[in-house]
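Q: I have a structure open on my screen and I'm not sure how to read it. Can you walk me through a few features, one by one?

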Amino acid sequence: LERHNPFHPQVWVLGSGRVARKRLAPLWNLGVRPAAYIDIDAKKIGNMVGGVPVYGRSALPEPGRCCILNALTAHGAAEEATGWLESQGYRQEDWIIV
């Protein structure tokens, strides 16, 4: 991740659910830092999770200006988010499905 993320140690995370956070915990222990969680659930947007804000998709920096970890866990959610990212101009180099 450090070699492929020009914004290291900062990442933006798609998905703020418990499973996603648990899945990413080893990265946080290695010094990777979430700038924000991105979610589509209106109940989560505006909250803080472990001191990290949860925003809607419109808060993502422009393509090429961030590294995104796609940590969505619901069936089909990661694929849907990939389609959305591509439709917004993000390139495959801009995100990693975790």
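Q: Let's start with Asn 70: which backbone nitrogen does its side chain reach?
A: Keep in mind that this is a predicted model. The side chain of Asn 70 reaches the backbone nitrogen of Leu 72, at 3.3 Å. That side chain also reaches the backbone oxygen of Ala 78, at 3.2 Å.

Q: Where is Asn 70 found, and is Asn 70 buried or exposed?
A: Asn 70 is found in strand E5. To call a residue buried, you want its relative accessible area under 20%. Asn 70 has 1% relative accessibility, so Asn 70 counts as buried.

Q: Which residues is Asn 70 in contact with, leaving aside neighbours within four places in sequence?
A: Quite a list: Leu 14, Ala 78, Ala 81, Thr 82, Trp 95, Ile 96, Ile 97 and Val 98.

Q: Ala 78 has come up already. Where is Ala 78 found, and why does Ala 78 count as buried?
A: Ala 78 is found in helix H2, which covers residues 77-87. Its relative accessible area is 9%, and that is why Ala 78 counts as buried. Not counting residues up to four places away in sequence, Ala 78 touches Asn 70 and Leu 72.

Q: How far is the C-alpha atom of Ala 78 from that of Leu 14?
A: Those two C-alpha atoms are separated by 8.7 Å, though Ala 78 and Leu 14 are 64 residues apart along the chain. Try finding both on your screen.

Q: Now the sheet. How do strands pair in general, and in what order do the strands come here?
A: Strands of a sheet pair through backbone hydrogen bonds, either parallel or antiparallel. Here, six strands form an open sheet with mixed pairing, and the order is E3-E4-E2-E1-E5-E6. Strand E3 (48-49) and strand E6 (95-97) are the edge strands, each pairing on one side only.

Q: How many bridges join E1 to E2, and do these strands run parallel or antiparallel?
A: E1 (residues 10-14) and E2 (residues 33-38) run parallel, and five bridges join them. You can check this residue by residue: Trp 12 has Ala 36 in E2 as its bridge partner, and Leu 14 stands opposite Ile 38 in E2.

Q: Why is E1 described as largely enclosed by the rest of the structure?
A: Four of the five residues of E1 are buried, so E1 is largely enclosed.

Q: What about E4: how does E4 pair with E2, and how does E4 pair with E3?
A: E2 and E4 (residues 52-55) pair in the parallel sense over two bridges, with Val 54 in E4 as the bridge partner of Tyr 37. E3 and E4 pair in the antiparallel sense, also over two bridges, and there Val 49 stands opposite Val 52. E3 and E4 form a hairpin with two residues between them, and Gly 50 in the turn has a positive phi of about 60°.

Q: Which strands does helix H1 lie across?
A: Helix H1 (residues 18-29) lies across E1, E2, E3 and strand E5 (68-70). H1 runs at about 160° to E2.

Q: Where does Asp 39 lie, and is Asp 39 buried or exposed?
A: Asp 39 lies in the loop between E2 and E3. Its relative accessibility is 10%, so Asp 39 counts as buried. A polar atom of its side chain lies 3.0 Å from the backbone nitrogen of Asp 41. Leaving aside neighbours within four places in sequence, the contacts of Asp 39 include Gly 15, Lys 44, Tyr 55 and Arg 57.

Q: Over which ring does the charged end of Arg 57 sit?
A: The ring of Trp 84: the charged end of Arg 57 is 4.7 Å from its centre.

Q: One last stop, the segment before E1. Which peptide bond is cis there?
A: The bond from His 8 to Pro 9, with omega near 15°. Pro 9 is found in the segment before E1, and Asn 5 lies in that segment too. Asn 5 is buried, with a relative accessible area of 3%. A polar atom of the Asn 5 side chain lies 2.8 Å from the backbone nitrogen of Phe 7.

How values were computed:
Residues numbered from 1 in each chain as written. Predicted model: local features only at pLDDT ≥ 70, side-chain atom pairs only at ≥ 80, totals over all residues. Heavy atoms only, no water. Buried < 20%, exposed > 50% of the residue type's maximum accessible area, 1.4 Å probe, protein only. Contact = heavy atoms within 4.5 Å. Lys NZ or Arg CZ within 6 Å of the ring centre and 35° of its normal. Pairing = 2+ DSSP bridges. Axes fitted to C-alpha atoms, helices over the stretch in contact; angles between N-to-C directions. Polar contact = N/O pair within 3.5 Å; in protein donor to acceptor, adjacent residues only side chain to side chain.
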